[in-house]
Amino acid sequence: MTQIPLWFERRFDFSFPVEHYPNICIRLLGTPARMEELLRGIAKRALVAKPGEKWAAQEHAGHLLDMGPLWLGRVEDFVSEKDTLTVADLSNRKTEEANHNAKDLSKILAEFRKERMSLLNRVEGLSADNFGRTLLHPRLKQPMRLVDHLYFVAEHDDHHLARIREIIR
């Protein structure tokens, strides 16, 4: 099996048309269901096992929940026409300190679904021209449209879902 590349080593091509935003939103809408499907029926012991002292599957799920405020905040950056997107905490302190393994998985999943719907409800109310607005991504040091931001979130989701799958196998 091919090893999943580290997130911070990823490079992104944002050359697709802005009109793809409805497809990307559908992909984002599906993330909670895909995560629930992956984790359904997995024993607690397997969910919280930390392979090589890295995050457990349940911690990856919690991390996706933790990222919700950043993703929504970046949408607000586009709406308010800032120059640069809000900076992420690259140390993932929130996830490291959250103790997600001590939590009930069903609560993490329910909160993630709620958080994701907040993001989608926010962008659903925007006009199509908002999706082409460009801001600088602080880590990537490249311009990013709102549609690119949503694609970035979907890719981040898939990265962590792939890690969850790898861990629970």
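Let's start at a small spot: His137 stands opposite Gln142, and Gln142 belongs to strand β2. Keep in mind that this is a predicted model.

What is the setting of that pair? Strand β1 covers residues 134-137, and strand β2 covers residues 142-145. The two strands run antiparallel, and 4 bridges join them. Together they make a hairpin, with 4 residues between the strands. Look at Lys141 in that hairpin. Lys141 takes a positive phi near 55 degrees.

Now move on to helix α7. This helix runs over residues 146-168. How far apart are its end C-alpha atoms? They are 33 Å apart. Is that what we should expect? Count 1.5 Å a residue for 23 residues, and the span should be 33 Å, so the two values agree.

Is α7 mostly covered or mostly open? It is mostly covered: 17 of its 23 residues are buried.

That brings us to the nonpolar core. How many residues does the largest one have? It has 26. Some residues have the most contacts inside this core: Leu28, Trp71, Val123, Phe131, Leu146 and Leu150. Helices α1, α4, α6 and α7 each supply at least two residues of the core. Which helix gives the most? It is α7, with 6 residues.

Next, charges. Side chains of opposite charge can pair when their charged atoms come close. How many salt bridges does a search of the whole structure find? It finds 13. I will show you three of them.

Take Arg27 and Glu155. They form a salt bridge, and their closest N and O atoms are 2.6 Å apart. Arg27 lies in helix α1 and Glu155 in helix α7, so this pair ties together parts that are 128 residues apart in sequence. How covered are the two partners? Arg27 has a relative accessible area of 24%, so it is partly exposed. Glu155 has 14%, under the 20% cut-off, so it is buried.

The second salt bridge joins Arg34 and Asp158, with the closest N and O atoms 2.8 Å apart. Again, distant parts of the chain are linked: Arg34 is in helix α1, Asp158 is in helix α7, and they are 124 residues apart. Arg34 counts as partly exposed, at 35% relative accessibility. Asp158 also counts as partly exposed, at 24%.

The third salt bridge is between the side chains of Arg133 and Glu81, at 3.7 Å from N to O. Where do these two sit? Arg133 lies in the loop between α6 and β1, and Glu81 in the loop between α4 and α5, so the pair ties together parts that are 52 residues apart in sequence. Arg133 is partly exposed, with a relative accessible area of 22%. Glu81 is at 52%, over the 50% cut-off, so it counts as exposed.

Which residues do shared partners join into one network? They are Arg27, Arg34, Glu155 and Asp158.

Last stop: the surface. Find Ile26, in helix α1, which covers residues 21-39. Is Ile26 buried or exposed? It is exposed, because its relative accessible area is 58%. Which residues make a nonpolar surface patch with it? They are Leu29 and Met117, and the patch is about 260 Å².

To recap, β1 and β2 form the hairpin, α7 gives the most to the largest nonpolar core, and salt bridges link α1 to α7 through Arg27 with Glu155 and Arg34 with Asp158.

Terms used: Residues are numbered from 1 along each chain as its sequence is written. This is a predicted model: local features need pLDDT of at least 70, side-chain atom pairs count only at pLDDT 80 or more; totals for chains, interfaces and linings use all residues. Side-chain values use heavy atoms; hydrogens and water are left out. Patches are made of residues with over 30% relative accessible area and no salt bridge: like charges are joined within 9 Å, nonpolar side chains (Val, Leu, Ile, Met, Phe, Trp, Tyr) within 5 Å. Accessible areas come from the Shrake-Rupley method with a 1.4 Å probe; for residues, only the protein chains shown count as cover. A salt bridge is a side-chain nitrogen of Lys or Arg within 4 Å of a carboxyl oxygen of Asp or Glu. Buried means under 20% relative accessible area, exposed over 50%, partly exposed in between (1.4 Å probe, protein chains only). The expected span of a helix is 1.5 Å times one less than its number of residues. Two strands pair if DSSP finds at least two bridges between them. A nonpolar core is a set of buried Ala, Val, Leu, Ile, Met, Phe, Trp, Tyr and Cys residues joined through side-chain atoms within 4.5 Å.
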